[in-house]
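Please open the model in a viewer and keep the selection panel at hand. The tour moves from the whole chain to its interior.

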Amino acid sequence: MKAVRGLLLPGLIWTLAACQSLPFAREGELPPPVVVADGSAERIALNAKVYDAATGWIERHYYDRDFDGHDWPAMRQAGRAEAIAQPTEASFYGRLAAVVDQLDDRHTSVTSPTNRARSEAVRLGQAGVGTGLAAVRRGDRYFVSRVRPDGPAAVAGVQIGWRMISINGETSPIAFQLEAGRSDDYVFEDEHGVEQRVSITAVVLPARERRDATRRADGVLVLRFEDFDRLTHEWFQAQMDAAIADPPRGIIIDVRDNGGGLAAVLGDMTARLYREPQAFMVMDGRFVDMKLVSARADSVWDGAVSIMVGPGSGSASEVFAALLQETGRGQVVGETSAGSVIASRQVNLPDGGEMNLSLFMVLTPVERRKLEGVGVTPDIVVDPPLADLRAGRDPALERAAEEILGR
């Protein structure tokens with residue numbers, strides 16, 4: 001399972017001895033991009049190669065052989081000519097993404113070589129080109145979820161809660177590519193329905209910390225992380241060791257900005273919260289009904305746990321929250337999660353780009369619930385007012401802390 005599709009694209013990957021004809025990608029390994037001149041015959045030929053590979057893999061390996069009622073062969077053929085005629089990488093991936101989007105599957109997606117390299121740099125904590133703006137998908141719309149005070153979006157007056165309408169006239173931000181020093185035209189709609197037009201110039205910004213541990217004055221430990229990757233795995237294990245050695249009053253796990261990650265990492269995190277091996281997800285497909293079970297950890301946190309979710313929580317983070325909820329191990333606090341929970345794999349595209357391809361349905365391990373398109377409904381729902389979010393207040397976190405302290 002990979003990420004919730006939004007402007008920030010991390011994810012959940014599993015390993016299975018199947019579909020070996022696919023050129024699976026590996027975390028941390030970026031193939032060299034194929035560079036061709038814009039508008040050249042080589043560009044057109046490369047577009048055709050990438051388009052046929054990506055859409056063909058969907059046709060042969062997509063988890064839903066009925067394509068949710070869509071005529072995928074006809075859809076891929078209908079979009080081919082316009083896509084391969086595009087003169088640039090960015091415009092080609094915009095058209096390819098539009099074709100893939102017709103499946104209405106937030107896991108199956110494509111990422112250009114440029115955006116793939118940028119996402120990897122973000123994951124590794126490196127500085128990168130940005131606007132200081134993050135958005136989250138709610139239904140078919142994107143809303144501003146975070147504005148960095150040190151970024152150009154804040155200077156332009158962009159506010160949390162604004163709905164994104166377009167960037168340079170394009171209504172989908174998925175394939176949009178930033179360029180340092182270039183000004184782009186953004187159109188938003190504010191909470192009053194008033195259109196807001198701003199020009200934002202992308203700059204190189206310091207990396208935003210993707211994981212942090214905070215022990216509050218009330219003794220509650222908050223663990224926030226945005227990926228289930230190898231780096232987070234090492235960090236989480238160290239945090240759990242420290243908590244067991246010097247126990248806090250409870251632990252809040254904050255995955256509100258976590259789009260997913262590796263199934264193996266999810267399993268290892270699960271092991272630190274249960275004394276016995278614990279089933280944490282089920283992969284269900286035409287030839288597979290597999291329950292994944294965590295190992296037994298040497299040391300376990302037995303204390304109080306809550307987990308925070310929201311519309312930016314997808315894939316592995318949703319499975320984690322559902323597990324704690326179904327087993328009674330911890331309360332879920334916040335807003336309903338994204339409902340983007342399918343087992344998928346990253347696939348290398350011929351130009352150095354990447355496709356995330358849905359291969360199996362994921363069910364919860366206890367009740368065998370389907371979370372795809374549904375999400376996890378919190379035990380304690382907190383819908384924070386815009387005024388609080390814009391002022392930097394976090395009522396959901398405070399409510400989670402109250403729940404921990406009240407046990």
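The stops below run from overall form to individual side chains.

This is a predicted model, in which local features need pLDDT of at least 70 and side-chain atom pairs count only at pLDDT 80 or more, while totals for chains, interfaces and linings use all residues. Residues are numbered from 1 along each chain as its sequence is written, and side-chain values use heavy atoms, with hydrogens and water left out.

Begin with the cartoon of the whole protein: it shows 10 helices and 18 strands, assigned as DSSP runs (helices H or I, at least four residues; strands E, at least two) and numbered from the N terminus. The radius of gyration is 21 Å, close to the 22 Å that the globule rule gives for 407 residues, so the protein is as compact as a globular protein of that length. The radius is taken over C-alpha atoms, and the rule is 2.2 Å times the number of residues to the power 0.38.

Next, colour by burial: 56% of the 407 residues count as buried, that is, under 20% relative accessible area with a 1.4 Å probe, protein chains only.

Now select Ile58, Leu96, Ile253, Leu273, Met281, Phe320 and Leu357, which touch the most other members of the largest nonpolar core, a set of 70 residues. Such a core joins buried Ala, Val, Leu, Ile, Met, Phe, Trp, Tyr and Cys residues through side-chain atoms within 4.5 Å. Helix H1 (residues 41-61) supplies the largest share of this core, eight residues.

Finally, display Val147, Val158, Ile160 and Trp162, which are among the 17 residues of a second, separate core.

Notes
Buried < 20%, exposed > 50% of the residue type's maximum accessible area, 1.4 Å probe, protein only.
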